[in-house]
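Visitor: I'm new to this one. Could you walk me through it?

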Amino acid sequence: MRTKRPRKPVRAPLAPGVAVALAAIFVAAPGPGQDRQVVIREATILPVSAAPLPRGSVSFRDGIITAVGADITAERDAVVIDGTGHYVLPGIVDVHSHLGVSPWPWVPGNSDVNEDGGDPLTPHLRAIDAFDSADPAIRWVAAGGVTTIMVLPGSANVVGGQAAVMKLRLGRSAAGMLFEGAPRIMKIAVGENPKLTYGARGRMPRTRMGVIALLRDALSQAQVYRDRWDAWNAAAAADRGPAPGFDPKLDALADMLRGEIQVAAHTYRRDEFLALLQLSDEFGFELGSFHHAMDAYRLGPELARRGVGVAVYADAFGRKLEHWEQVPQTAAYLSSLGALVTLHSDFPFFAQRLHIEAAKLVRYGGISQRDALKTVTLSAARLIGVDAWVGSLEAGKHADIAVYDRHPFDSFARVEKTFVDGELVFDRVRDRAWLERTP
């Protein structure tokens with residue numbers, strides 16, 4: 001038996017107003033912690049939260065953006081960079097990644113994304129505990145302008161475990177890459193993946209009925225567990241008696257029911273969306289987002305009304321039966337309804353070109369370039385609860401920046417530099433030898 005300790009408040013990352021770090025665009029960037037102002041001038045600035053700024057400027061210091069505007073005064077000792085012909089935008093946020101837990105190149109020996117085949121309910125597992133910060137794909141993805149990712153367990157289990165929101169601070173440990181202050185998020189999966197994983201073994205769940213039944217039973221047990229612990233914690237010390245028994249699985253689900261963990265659900269079909277929405281209403285947990293969500297256009301108004309976020313592919317469909325109903329207008333349609341919609345990668349080769357995936361929304365859905373960019377920046381940051389710090393170029397936010405040699409929606413656009421917390425993590429000139437020797 002253990003006494004349940006009070007939960008510690010989560011300490012937020014660098015707050016607005018704290019000074020900032022920076023890096024240069026055509027010269028070697030200052031390292032983290034340098035205290036000189038850096039100003040990027042004469043670039044096209046795409047803040048996402050505001051209209052584009054032709055011949056605009058951005059300044060940074062100590063990892064935080066200090067100013068964005070048409071003309072920024074450079075201090076006497078500032079590092080001033082000529083960004084002529086370049087485009088500066090916030091670092092891309094990938095809301096559905098398996099980097100670090102399913103390393104690239106993939107081999108069974110280094111895949112830790114699914115704890116499958118034993119128990120379909122594993123809410124106590126944490127992606128951070130298996131995250132390999134030396135995964136080679138992380139550097140490749142950073143070279144694609146990505147600065148923040150949400151790493152999720154896989155979808156073999158009905159409840160796969162807890163996600164980890166990470167900054168791509170290359171060379172750091174897993175703990176050093178963790179996005180401090182990001183909310184806790186639980187991965188739930190319904191549909192073909194858990195059915196096939198366990199049905200092939202002759203075990204439950206073999207059907208969608210079984211998936212929902214397992215979830216309902218686990219949540220019912222978690223309600224009882226939560227109520228016992230909450231009553232014990234609320235009682236006066238003299239009246240408590242022995243603490244209730246601790247169960248790591250039910251403890252994680254109890255936190256979900258308390259609203260301390262929101263749900264990210266792997267789901268494709270309209271009937272699955274409705275079943276999970278019903279469970280959310282029944283048990284009171286926060287259903288934060290549907291991922292993949294091929295059928296989301298069939299339920300667009302309801303998702304917009306409820307404020308449930310949606311993370312989709314731009315146009316990747318047909319890989320399995322659940323994929324067949326997607327249309328390439330889904331993201332644009334949801335955006336027109338006011339729903340919170342984002343694109344995601346799921347695979348490293350998509351993560352490297354999420355800016356091009358976003359461009360497809362303009363082609364297929366006719367939405368504005370700014371709204372399309374939001375699906376991989378500000379809206380993506382909002383979906384995972386870190387938009388106070390990243391997702392747009394604004395004074396006070398983290399200096400997470402991608403610099404392109406042309407507009408990011410140009411199919412020939414290349415990332416020239418990527419900054420995370422003002423630290424240069426990718427430089428096309430500096431890293432040329434690595435680029436040329438890597439297949």
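Visitor: What covers the buried residues of helix 5?
Guide: This is a predicted model, and helix 5 runs over residues 248–258. In that helix, 8 of the 11 residues are buried, so the rest of the structure largely encloses it. The buried residues include L250, D251 and A252. Their cover includes strand 8 (159–162), strand 10 (184–189), helix 4, strand 11 (261–267) and helix 6 (270–283).

Visitor: At the start of helix 5, which residue's backbone nitrogen does a side-chain oxygen of D247 reach?
Guide: Look at the start of helix 5, where D247 offers a side-chain oxygen. That oxygen comes to within 2.9 Å of a backbone nitrogen, the one belonging to K249.

Visitor: And which residue with a positive phi follows helix 5?
Guide: Go to the residue that comes after helix 5. Its phi is positive, near 90 degrees, and the residue is G259.

Visitor: Is V48 buried or exposed?
Guide: V48 sits in the loop between strand 1 (38–45) and strand 2 (53–61). Its phi is positive, about 75 degrees, although V48 is not a glycine. Most residues other than glycine have a negative phi. The cut-off for buried is under 20% relative accessible area, and V48 has 3%, so it counts as buried.

Visitor: Where does H292 lie?
Guide: H292 is another non-glycine residue with a positive phi, again about 75 degrees. With a relative accessible area of 2%, H292 is buried. Its place is in strand 12, residues 287–292.

Visitor: Which peptide bond is cis, with omega near 10 degrees?
Guide: Most peptide bonds are trans. For this one, look at P205, in the loop between helix 3 (192–199) and helix 4 (208–234). The cis bond, with omega near 10 degrees, runs from M204 to P205.

Visitor: How far apart in space are V390 and D421?
Guide: V390 is in the loop between helix 12 (378–383) and strand 15 (401–404), and it counts as buried at 3% relative accessibility. Leaving aside neighbours within four places in sequence, its contacts include V93, T148, K167 and F179. V390 and D421 are 31 residues apart in sequence, and their C-alpha to C-alpha distance is 9.8 Å.

Visitor: T148 and K167 came up there. Which residue stands opposite T148?
Guide: Strand 7 (residues 146–151) and strand 9 run antiparallel, joined by 4 bridges. Strand 9, residues 164–167, is covered on both faces: A164 and M166 are buried on one side, V165 and K167 on the other. Opposite T148, in strand 9, stands K167.

Visitor: How many aromatic pairs are there, and what is the angle between the planes of W140 and W434?
Guide: The structure holds 9 aromatic pairs. W140 and W434 form a tilted one, with 4.7 Å from centre to centre and 40 degrees between the planes. This pair links distant parts of the chain, 294 residues apart, with W140 in helix 1 (residues 136–142) and W434 in helix 13 (residues 432–437). So the answers are 9 pairs and 40 degrees.

Visitor: Which residue lies over the face of W434?
Guide: W434 is buried, with a relative accessible area of 9%. At 4.0 Å from its ring centre, lying over the face, is R139.

Visitor: And over the face of W232, how far from the ring centre is R240?
Guide: Here the ring belongs to W232, and the residue over its face is R240. The distance from R240 to the ring centre is 4.4 Å.

Visitor: Which residues do ring pairs link into a cluster?
Guide: Here ring pairs join up as a group. The cluster is made of Y313, F347, F349 and F350.

Visitor: Which residues does Y364 contact, leaving aside its neighbours within four places in sequence?
Guide: Y364 lies in helix 10, residues 354–365. With a relative accessible area of 33%, Y364 is partly exposed. Beyond its neighbours in sequence, Y364 is in contact with D315, P328 and Q329.

Visitor: Over which residues does pLDDT stay under 50?
Guide: The mean pLDDT of the protein chain is 90, and 92% of its residues reach 70 or more. Where pLDDT is low, the predicted coordinates should not be read in detail. The stretch where pLDDT stays under 50 is residues 1–33.

Notes
Residues numbered from 1 in each chain as written. Predicted model: local features only at pLDDT ≥ 70, side-chain atom pairs only at ≥ 80, totals over all residues. Heavy atoms only, no water. Helix = DSSP H or I, 4+ residues; strand = E, 2+ residues; numbered from the N terminus. Buried < 20%, exposed > 50% of the residue type's maximum accessible area, 1.4 Å probe, protein only. Contact = heavy atoms within 4.5 Å. Polar contact = N/O pair within 3.5 Å; in protein donor to acceptor, adjacent residues only side chain to side chain. Phe/Tyr/Trp six-rings, centres within 6.5 Å; stacked < 30°, edge-to-face > 60°. Lys NZ or Arg CZ within 6 Å of the ring centre and 35° of its normal. Pairing = 2+ DSSP bridges. pLDDT = per-residue confidence, 0-100.
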